[in-house]
Amino acid sequence: MSCRFVTGFGVLLLLGACTHTKDAAIRTTGSRPLSEVARSLGLTVRPTGFAEDRLLVHRDGRSFYVMAGKHYYRFMGDRKQLPGAEVIQVTRSDLLLPSELVAALRRDLDGSRSQSAESSTQPAQTADAKPPRLGGLTVVIDAGHGGTDPGAIYGGIHEKAVVLAVALATIRKLKALGVQAIPTRTSDTRPSLDARASLANRRKADLFISIHADSASRRSASGVGAFFRADGARGRQSRKLAVAVVDGIVTRTDASNRRARADSRGLRVLRKTHMPAILLEIGFLTNAAERRRLVDARYQERVAQGIVDGIKGYMSRTGTAALRRVGATPPR
Ligand SMILES: [Zn+2]
């Protein structure tokens, strides 16, 4: 077989082809750094809550999830077996993808593009206008506190106002994607915690996201985190949702990542809801710099977009089957 370089894609495919005809030593040298593969396939590499996992997002919104040491990867949430015996390896700063996997990723991208060739003539718009698997999803967005309960107050800023602005922006963005986004409040009112949870249960929401801002005695504390209730199948999905949404916000805002953590306080909205549910802390009002950002409408838009990205990432990673197992109503 003659080996020559044609294009970026050609190189990758060629390496895949060569490994079938040569020995195991070449198989190893055929592995490619993830960063390089992503560049040539037009994929953006996003960190996840797991050090050895990466989310790869194509410019048109399609995504892969790859995990070091596993014999499978996910494309648009669907589990796919790795083509060869090799698994993804970790180097000091990157992952190494076996060449057979690189070829498979390219086939996935080409295959689904030709399937939807007629409908995706405007690829620049598809990420937002035609997202995968979000249409028909029902999501309750809960702006924390409200009315007589201001939440945290620092520097004259009320938590209830900041989180309402972010919640409303999130709802607007979700609705534009065909998601049935339901607010627990749309103005300065104070629904009870039970009322917020029972609204989500009654409307058979697929996901519940409560938005709060943080405060701490250490004024330098900053960043974005989330709590989930770690109970059974729902807990596992809640954790994945929390990781994805925190990563989404961090990617959009460059805020520091305080990670998703299991709730140890028995937060009522997490305890009383039946679907994957998280409580987000979008930043610290006690940190002067972060407080200034949190009241800025453009920053609030970025946080909202990060929440939407996180929901997209969660759905493309888990798909609707996981929601069905939890007992939440899957998207129609
Ligand atoms: Zn709060």
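Q: Which residues of helix H3 (residues 34-41) are buried?
A: Let's start with H3 in this predicted model. A residue counts as buried if 20 or more other C-beta atoms lie within 10 Å of its own. In helix H3, the residues that are buried are Leu34, Val37 and Ala38.

Q: How wide an arc do these buried residues cover around the axis of H3?
A: An α-helix has 3.6 residues a turn, so residues three or four places apart point the same way. The buried residues of H3 are on the same side of the helix, because the arc they cover is only 100°.

Q: Which residue just after H3 takes a positive phi?
A: Have a look at the backbone where H3 ends. The phi there is positive, at about 70°, and the residue is Gly42.

Q: Which strands stand at the edges of the open sheet?
A: The six strands run in the order S12-S9-S13-S16-S14-S15, with mixed pairing. An edge strand has a single partner, so one side of it is left without a neighbour in the sheet. That description fits S12 (180-183) and S15 (257-262).

Q: In what sense do strands S9 and S13 pair?
A: Strands of a sheet pair through backbone hydrogen bonds, either parallel or antiparallel. Five bridges link S9 (residues 138-143) to S13 (residues 207-214), and Asp142 stands opposite Ser210 in S13. The sense of this pairing is parallel.

Q: What angle does the direction of helix H8 make with that of S14?
A: Helix H8 (residues 232-253) packs on the sheet and touches S13, S14, S15 and S16. Comparing the direction of H8 with that of S14 (224-228) gives about 170°.

Notes
Residues are numbered from 1 along each chain as its sequence is written. This is a predicted model: local features need pLDDT of at least 70, side-chain atom pairs count only at pLDDT 80 or more; totals for chains, interfaces and linings use all residues. Two strands pair if DSSP finds at least two bridges between them. Helices (H or I, at least four residues) and strands (E, at least two) are DSSP runs, numbered from the N terminus. Two residues are in contact if their C-beta atoms, placed from the backbone, lie within 7 Å. Axes are lines fitted to C-alpha atoms, for helices over the stretch in contact, and angles run from 0 to 180 degrees between N-to-C directions. A residue is buried if 20 or more other C-beta atoms lie within 10 Å of its own, exposed if 12 or fewer, and partly exposed in between; C-beta atoms are placed from the backbone. The arc is that of the directions from the helix axis to the C-beta atoms.
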